[in-house]
Amino acid sequence: MRLKLGITTIFFIKTNTMTPRSLTDKEYALLKKKLHQAHDKVIKVTLHQVEAMSELLEKIVMPQLKGVKIDLDALKLDTTSYIRPNLQVFFSDIVYLTTIFDEIKDIKQPVNVAFLVEHKSDMPSELALRLQILDYITAIMKKNYDKETDTTIAVLPIVFNQFEKEWISQSLRSLFPQLSEMITRCVPDYDYLIINLATLSDEIMDSLDKFGILKAALLAMRYVRNKEFLKQHFEEIFLFLQQHPEKIDLRDQLIAYLLGQSDLTVEDLEELLNNIFSPVLKQEIMISGNGFLAVAAREAAAKAREEAQIEAQIATKKAVEKAVEKTEKKAQLLSNTLTVLRSWHKGVAIDFIAEIVDLPYNKITKLFSAFDKVKSNYLSKPTINMTELKELSKLDDDVLTLLLALIKKQ
C-alpha cells in the first residue's frame, strides 16, 4: 500500500487549489521510486499470465530473432527466486522456461532456454543495466547447472522499457575503450533484446489480440499520460474482461494504475465504467480489490494533506513538517488497515498478512477480532446502526463502511 500513498501524494499536489507545498529532495526521491514500482507491477502482473508472455514472444520478440522458433506450448513461468536480497529492488523477476530451435544452425535438437524480462521505466546507464542483468544471468545458469551432464540453460534477456527516445545498447567491452582488444576479450560480454513500448509500431500494436491481456496492459502503459486517448479507448483497454472475467487481480491492478498514474479522476472512472460494465460489476470494481484501495488511499491522503496545508498557514516550518509526518502516517495506517480487511474477507492467514503490511502482529489480530465482532453483531441484528457498531469495534468510518459493504455482498 505504500505505492498507493505515494501516488496519492502526487495527485493532491497537482490538483489542489491551494498553494502546493514543495517536495523535499527526500520526498521526491521516494515518490519517484514508487512511480517506478507502479509501472513495474503492471508488467509483472501481466507477464505472469502465460498467454500474455506467449503473445509477447510470438509477435514482438520472434521477429527480432530471425530463424529462431520458440516452443510456445512448452512455455512455463519459473517461480524460483534467483535474486539476492540486496538486488530485490532492481528486478521484475519475470523468467520463463521453454525450448527453442535455431534453424540457422540447422540443428534439430531443441535447446533449453530461459527468457528473462527486465523492466525499466527510467533510462539507466549502460554499465549499471548490464551489471544487473549479468548478475541475474549468472544466478539462473548456476541454478540450472547439472553436474552429471555438465550442462545448463541459455538465458535470453529482454529489456522492456518506456523511454521516449530510442535505447541503443552498447557492449560491455565497448565500455573500456582505453584497453586493447587483446585484453577486452577477457571481459564477459552478452547482448540483450530491446522492447521499447513508446516506439512499438502501430502494425505490431494492431496485431495483438484485441481481447488479450497483453494489449490491455500495453495500451494502458503506453497512453497513461494521454487522458483523452484513455477516455476514447477505455473500452478497448478492458475488452479482455469479456473473455477473461476471472482475471480480477489484473483488472483491479489496471484500475489502480490508471487512477494513480493518469489524469483520470474517480468521477471520470465511474462514467467510463458505466459505459461498458453492468451496474453490479461496476460497483464491485469500485468497492473491491486494489481499485477501491487506490480510491480510499487517495481520498485519505488528500484529506490529510489538506489538513497539513491549513496548519502550515498558522504554524512554524518545524510544526508543519511534524504535522505532515503525522498525517502521512495516519493515511498509511488506513491503507494498511484496508489491506488487512480485504485479506480477512478472503480468508488469508494472519501470518501471511503480517509479511505484506507494515503493522505489528498483535495489531492485525485485534483488527481481525474487531471485524469478526462487527460481522457477528450485524448478522444477528441487521437493524444495528453505525454508531453502535463503531462503539463496539472502535473502527474508523472508512474501514467500517467498507466492512459492511463486504459483509452485505456475501
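Start with contacts in the protein chain. Take those between residues at least 6 apart in sequence: 67% of them join residues at least 24 apart. Keep in mind that this is a predicted model.

Now the overall make-up. The protein chain has 19 helices and 6 strands. It runs to 410 residues, and buried residues make up 47% of them. The exposed surface of the protein chain is about 22100 Å². Carbon and sulfur atoms supply 53% of that area.

Next, one helix to look at on the screen: α7, residues 213-222. How many of its 10 residues are buried? The count is 9, so helix α7 is largely enclosed by the rest of the structure. Here are the buried ones in α7: I213, L214, K215, A216, A217, L218, L219, A220 and M221. Note that K215 is on that list.

On to charged pairs. Side chains of opposite charge can pair when their charged atoms come close. The count here is 9 salt bridges. I'll take three.

First up, helix α3, residues 50-61. E55 and K59 both sit in it, 4 residues apart, about one turn of the helix. Their side chains form a salt bridge, 3.1 Å from N to O. Which partner is buried, and which is partly exposed? E55 has a relative accessible area of 10%, so it is buried. K59 is at 24%, so it counts as partly exposed. The cut-off for buried is under 20%.

Then helix α4, residues 126-143. R130 and E126 both lie in this helix, again 4 residues apart, about one turn. Their salt bridge is 2.8 Å, N to O. Are these two side chains' residues buried or exposed? R130 is buried, with a relative accessible area of 1%. E126 counts as buried too, at 6% relative accessibility.

Third pair: K394 and E391. The closest N and O atoms of this salt bridge are 2.9 Å apart. K394 is exposed, and E391 is as well.

Stay in that part of the sequence. Helix α18 covers residues 386-393, and T387 is found there. Why is T387 called exposed? Because its relative accessibility is 62%, and exposed means over 50%. One distance to go with it. T387 and D397 are 10 residues apart in sequence. In space, C-alpha to C-alpha, T387 and D397 are 9.6 Å apart.

To recap the pairs: E55 with K59, R130 with E126, and K394 with E391. In α7, 9 of the 10 residues are buried. That's it from me.

Terms used
Residues numbered from 1 in each chain as written. Predicted model: local features only at pLDDT ≥ 70, side-chain atom pairs only at ≥ 80, totals over all residues. Heavy atoms only, no water. Helix = DSSP H or I, 4+ residues; strand = E, 2+ residues; numbered from the N terminus. Buried < 20%, exposed > 50% of the residue type's maximum accessible area, 1.4 Å probe, protein only. Contact = heavy atoms within 4.5 Å. Areas by Shrake-Rupley, 256 points an atom, 1.4 Å probe, with all protein chains shown as cover. Salt bridge = Lys/Arg side-chain N within 4 Å of Asp/Glu carboxyl O.
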